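Visitor: Please show me the structure, and then take a few questions about it.

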Amino acid sequence: MGKTFDIGLERLTGAGVSGPVSGPDVSEGAGMEASATVGASIEEKNRTLKTAGCGTHGLEGETFYLETFGCQMNDHDSEKVAGVLLARGYRQVETPEAAKVILYNTCSIREKAAQKVFSRLGELRPVEEAERKWIEDNGAGLKRADREIGVPGVEDAEQWAGRVKTRRLQSAGKIIGVLGCVAQQEGEGIFERAPWVSLVCGSASYRKLPQLIAELEAGNRRVTGLDTDTDETFETEITRRDNPFRAYLTIIEGCDKACSYCVVPFTRGPERSRASASILEEVRQLAEAGYSEVQLLGQTVNSYADPTPISKGRKMRFSELLAAVAEVRGIRRVRFTTSHPRDFGKDIVEAIEAHPTICDHVHLPVQSGSTAVLRAMARTYTREEYLEKIALMKAAKRPISITTDMIVGFPGETERDFEETLSLLDEVQYDSVFAFKYSPRPNTPSLKMADAIPEEEKGRRLAILMDRQREIQRVRNERTVGETFEVLVDGKSRRENQWSGHTSSNRVVNFASPEQELLGDYVQVKVVSAMPNSLVGEMVGRVEFGNQ
Ligand code: SAM
Ligand code: SF4
């Protein structure tokens, strides 16, 4: 199994397989995806993508650096952006210093994430600009000015000057681009804040990227792709996939839900679904290339609406698409995220019941346990309606692991509302929770809402929520001791004989085995001990699949 898998991956992704076993912890926003990191060196990816036969269009030797912030959808967008550039003959490099084109694929879901991007841009300020400011501000003053753009960790002017020399000297003459949500949100304002940026492109305009880069190559100083009124999805001929074990596939872009705190409808545009026939064709290619696990992505993945009829005017519902993906030969695991409670119905649970290849895990963000807060958030369901969806899953023929997102400190959230959120944790018994302090975002209705909660109070509520959930996870995970799970091995520790992987329910399992090569294999692991965010086990066998 391992061998065939590697050969397939070379064809499609160029990724090799090695990575440490991670030590997951519970922290803000943590919990569900505390996975081991995997992946090949960038040189290996470049090399194998070339062997995949991408055209070079005479740009052999040009280099790009791409850094990604944010969610899985951003990670996957970056895979597609990398595919587009590699297909044009660019080569990916590991540092901004070594690159001709420097790209940041950004996230603006919370303020902290957006700030990070401006910190990065600050590091790239060109040397002439930096020197002008140096003279203007005379050392210590400069420190202050520099903080405006957010250069992190600058202790004193001397240290700052050292960084100017090493990094900024090299940034002159490069193409610097901001992609994704911050690009869409700040638009041309980025050119004012960081005049050394020459490309600003939101995710709804990624199809235009090759054209925008060509315009810069032809001598244009600044280019933008900021339309959101598109009905297109970002499909590329080749996607350079970074995760050799789990292939991500966006099936629906954008969001129409308009939750009052959320920037996504502004930054990613309206909902656009990809044709089911095209999705299924890509899944078949992925299976042929050696992938056995696919994850269907969308901000509201279960709001999928097939744009083209498959036969006699019939379009696929999301649950039908799930089933069709699950039936593709070679596919052993199908995941999907994120589901919106409003569009979550019995048909999805039935699809999970009917197809063992659809993973027994549903991520169903609730955001709050209080109906009053849910109403203020414009989430379109009450606590009771949400609990009805949970009941559907709890009644399923096989256990389904349930995870969620929660926001604490939404404007007007009373102590009583917060207590209701805590009681929801107790009632649902989630396997993992991503919890966030409410972060006011530009353009969102909640920005103007009264009764803002002080940061300190948000922090207090977050800590209480996380403590409560950690205890729930500890108890739930402890119940698995003695059970045996099927695990897809996706990480190898530097420590001898230590491996890690994920169960169908997306639990992280660290386990011991003296085997030499297990990456990409499915094995049986018996749990011997448990922590709140991961299980520890020992391998008790391999999983053999007959011809599907
Ligand atoms: N579409 C998904 C849904 O409806 O649940 C969520 C997508 S969003 C990228 C991921 C999570 O970020 C949300 O579920 C929410 O918990 C959190 N989030 C979004 N906006 C936020 C804000 N302004 N402050 C704090 N957390 C926020
Ligand atoms: Fe944001 Fe709500 Fe859309 Fe999720 S459903 S992306 S939280 S607007």
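Guide: What follows is a short set of questions and answers on this predicted model.

Visitor: By class, which residues make up the shell around ligand 2?

Guide: Ligand 2 is surrounded by residues that include C255, C259, C262, Q299, T300 and H340. K257 and R379 also belong to these surroundings, and Lys and Arg count as charged. By class, the shell has two charged, three polar and seven nonpolar residues.

Visitor: Which helix gives the most to the largest nonpolar core?

Guide: The largest nonpolar core has 57 residues, and I251, F336, M393, Y430 and L465 have the most contacts inside it. Six residues of this core come from one helix, spanning residues 318–326, and that helix gives the most: α13.

Visitor: How many residues are in the second, separate core?

Guide: This core includes C107, F118, L121 and L124. It is separate from the one described before, and its number of residues is 23.

Visitor: Is T403 buried or exposed?

Guide: T403 is found in strand β13, which covers residues 401–408. A residue counts as buried under 20% relative accessible area. The value for T403 is 3%, so T403 is buried.

Visitor: Which side chains are joined to T403 by a polar contact?

Guide: The side chain of T403 has a polar contact of 2.9 Å with that of H361. Another polar contact, of 2.7 Å, joins the T403 side chain to that of H363. The side chains asked for are those of H361 and H363.

Conventions:
Residues are numbered from 1 along each chain as its sequence is written. Chains are lettered from A and ligands numbered from 1 in the order in which they are written. This is a predicted model: local features need pLDDT of at least 70, side-chain atom pairs count only at pLDDT 80 or more; totals for chains, interfaces and linings use all residues. Side-chain values use heavy atoms; hydrogens and water are left out. A residue is near a molecule or strand if one of its heavy atoms lies within 4 Å of it. A nonpolar core is a set of buried Ala, Val, Leu, Ile, Met, Phe, Trp, Tyr and Cys residues joined through side-chain atoms within 4.5 Å. Buried means under 20% relative accessible area, exposed over 50%, partly exposed in between (1.4 Å probe, protein chains only). Helices (H or I, at least four residues) and strands (E, at least two) are DSSP runs, numbered from the N terminus. A polar contact is a pair of N or O atoms within 3.5 Å; within protein, one must be able to donate a hydrogen and the other to accept it, and residues adjacent in sequence count only if both atoms are side-chain atoms.
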